[in-house]
Amino acid sequence: MNQIDLYVMLKDPKSKKILKWLLISGSSLLLIGIAVYFYYATRTHEDTAGLKVDYTVEAIPFIKEFEKDYKVANKKYAEKIIAVKGIVTATEPADTTMNIKMSDSTSGSYLIFAFQDQHMSEAKKLKPGDNVVIKGSCSDGIYSEILGIYFISFKRSTVENN
Amino acid sequence: MKIKMKRTILSLMIVTISMMGFAQKKTTTSATIAFDASTAIDNLPKAENKTAIAAIDPAKNTIQFEAAIKNFAFANPRIQEHFNQKGWMNSDEFPKATFNGIITNSSAVNFKKDGTYTVAVEGDLTIKGKTQKVNTAATIVVVGNTLKTSATFSVKLADFDIDGSPVSAGKVSREPKITVSAELN
């Protein structure tokens with residue numbers, strides 16, 4: 001399309017209307033696209049404290065489910081929000097943060113909870129022997145070749161009660 | 001005479017126990033592994049895993065790491081989802097990443113003496129079922145019976161069959177930086 005064609009088109013009221021419509025809908029689509037992109041790009045994980053619990057479990061039987069068949073347990077629990085009732089067996093600093101462990105003293109297998117930033121202070125108050133409910137996103141349970149035991153990891157955890 | 005003998009036995013026991021402490025394999029279940037694949041046009045692809053397992057065996061000069069892929073935590077939920085999908089890490093099929101290495105210049109570190117040592121580490125890094133050789137410098141800090149270690153290196157995503165349009169579009173770095181740190185007891 002050369003300049004003359006464009007000039008003629010702009011003079012024609014019908015073509016002018018189509019052009020106007022194309023311009024408005026194009027701009028709208030562009031704005032929607034930008035909004036969707038920014039929504040997804042700036043979105044962060046919700047506070048785990050406010051999330052619905054998929055399963056509430058006791059620490060030791062939960063560990064035993066993974067020891068029995070970790071593939072079956074992973075299908076059931078991976079990426080689910082789980083509230084775990086149990087006794088803290090260790091607190092472990094990881095950089096500036098704190099991980100909490102609940103271990104099965106007979107097998108050595110353990111649950112390990114990494115905490116959401118806004119709930120880190122709750123984790124730092126816990127000590128071995130504390131009876132707690134920790135809620136978090138269960139990543140999965142896998143067998144450690146290094147330790148020869150199963151470990152089940154949680155991310156974005158929060159203390160439900162202490 | 002008896003007292004002198006008792007003292008000698010006691011001293012020998014203390015030395016033996018101390019030596020056993022140094023020679024024992026040091027482990028942690030709270031090592032941190034971070035990777036940064038961000039680029040000039042996308043700051044999102046970076047994550048941390050703070051529940052990795054690490055072990056250093058001073059007697060064998062070995063260094064090992066093991067991390068659950070699904071426990072890499074991203075700030076952005078969508079990136080977290082993509083990271084674990086089949087096209088990327090395929091974490092259902094390949095749930096962990098491992099590193100089995102050895103300190104190649106073992107004379108550079110004295111595990112029995114407090115200090116900061118720079119060592120050369122060579123080993124096998126396995127991600128998504130693919131194993132590649134990695135050579136890197138690492139720092140080991142000896143404080144009593146505790147070892148602190150850290151290292152930073154890069155990997156090529158293509159070496160582990162990780163590719164996709166975000167890589168070719170420049171949104172994910174082709175050579176992410178990996179940082180590991182651990183305090184082992």
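User: Before we start, what does partly exposed mean here, as opposed to buried or exposed?

Analyst: Buried means under 20% relative accessible area and exposed means over 50%, with partly exposed in between. B:Lys130, for instance, has a relative accessibility of 35% and therefore counts as partly exposed. Please keep in mind throughout that this is a predicted model.

User: OK, and which residue does B:Lys130 form a salt bridge with?

Analyst: The side chain of B:Lys130 meets that of B:Asp161 in a salt bridge, with an N to O distance of 3.3 Å. B:Lys130 belongs to strand 7 (residues 130–143) of chain B, while B:Asp161 sits in the loop between strand 8 (146–154) and helix 3 (165–168), so the salt bridge ties together parts of the chain that are 31 residues apart in sequence. B:Asp161 is also partly exposed, at 47% relative accessibility.

User: How is chain B built overall, in helices and strands?

Analyst: Chain B contains three helices and nine strands, and along the sequence these elements follow the pattern α-β-β-β-β-α-β-β-β-β-α-β. Of its 185 residues, 45% count as buried, and the chain exposes about 9600 Å², with carbon and sulfur atoms supplying 56% of that area.

User: What share of its contacts join residues at least 24 apart?

Analyst: If one takes the contacts in chain B between residues at least 6 apart in sequence, 58% of them join residues at least 24 apart.

User: Switching to the interface, how many residues of chain A and chain B are in contact?

Analyst: On the chain A side 32 residues take part, and they are in contact with 30 residues of chain B. The area buried between the two chains is about 2400 Å², and carbon and sulfur atoms give 55% of this.

User: Which three residues supply the most on the chain A side?

Analyst: A:His45, A:Ile142 and A:Ile146 do, since together they supply 23% of the area that chain A buries against chain B, which is more than any other three residues.

User: And what about polar contact across the interface, how many residue pairs?

Analyst: There are 14 residue pairs in polar contact across the interface of chain A and chain B, counting pairs in which both residues have pLDDT 80 or more. As for the elements involved, helix 2, strand 3 (90–94), strand 4 (97–103), strand 5 (110–115), strand 6 (131–144) and strand 7 (149–161) of chain A each supply at least two residues of the side that touches chain B.

User: How many salt bridges are there between the chains?

Analyst: The count between chain A and chain B is two, whereas the structure holds 13 salt bridges over all chains.

User: Where does the one between A:Asp95 and B:Lys50 sit?

Analyst: In that salt bridge the closest N and O atoms are 3.7 Å apart. It crosses between chains, from A:Asp95 in the loop between strand 3 and strand 4 of chain A to B:Lys50 in strand 2 (residues 46–57) of chain B.

User: Is B:Lys50 buried or exposed?

Analyst: B:Lys50 is buried, because its relative accessible area is 14% and the cut-off for that class is under 20%. A:Asp95 and B:Lys50 also belong to a network of salt bridges in which B:Glu48 is linked with them.

User: Now chain A by itself, what does A:Glu65 pair with?

Analyst: A:Glu65 forms a salt bridge with A:Lys76, and the closest N and O atoms are 3.9 Å apart. This pair links distant parts of the chain, with A:Glu65 in helix 3 (residues 59–68) and A:Lys76 in helix 4 (residues 70–77), eleven residues apart. A:Glu65 is partly exposed with a relative accessible area of 32%, and A:Lys76 is partly exposed as well, at 35%.

User: Which residues form the nonpolar patch on the surface?

Analyst: The patch is formed by A:Ile18, A:Trp21 and A:Leu22, which together have about 360 Å² of accessible area. A:Trp21 lies in helix 2 (residues 13–42) of chain A and counts as exposed, with 59% relative accessibility.

User: Last topic, backbone angles: which residue in chain A has a positive phi without being glycine?

Analyst: A:Arg156 has a phi near 50 degrees, a positive value in a residue other than glycine. A:Arg156 is placed in strand 7 of chain A, and at 16% relative accessibility it counts as buried.

User: And where is B:Asn90?

Analyst: B:Asn90 is in the loop between helix 2 (77–84) and strand 5 (96–103) of chain B. Its phi is positive, about 45 degrees, although B:Asn90 is not a glycine, and the residue is buried, with a relative accessible area of 10%.

Notes: Residues are numbered from 1 along each chain as its sequence is written. Chains are lettered from A and ligands numbered from 1 in the order in which they are written. This is a predicted model: local features need pLDDT of at least 70, side-chain atom pairs count only at pLDDT 80 or more; totals for chains, interfaces and linings use all residues. Side-chain values use heavy atoms; hydrogens and water are left out. Patches are made of residues with over 30% relative accessible area and no salt bridge: like charges are joined within 9 Å, nonpolar side chains (Val, Leu, Ile, Met, Phe, Trp, Tyr) within 5 Å. Accessible areas come from the Shrake-Rupley method with a 1.4 Å probe; for residues, only the protein chains shown count as cover. A salt bridge is a side-chain nitrogen of Lys or Arg within 4 Å of a carboxyl oxygen of Asp or Glu. Helices (H or I, at least four residues) and strands (E, at least two) are DSSP runs, numbered from the N terminus. Buried means under 20% relative accessible area, exposed over 50%, partly exposed in between (1.4 Å probe, protein chains only). Contact means heavy atoms within 4.5 Å. Buried area is the accessible area (1.4 Å probe) that two parts lose on being put together, summed over both. A polar contact is a pair of N or O atoms within 3.5 Å; within protein, one must be able to donate a hydrogen and the other to accept it, and residues adjacent in sequence count only if both atoms are side-chain atoms.
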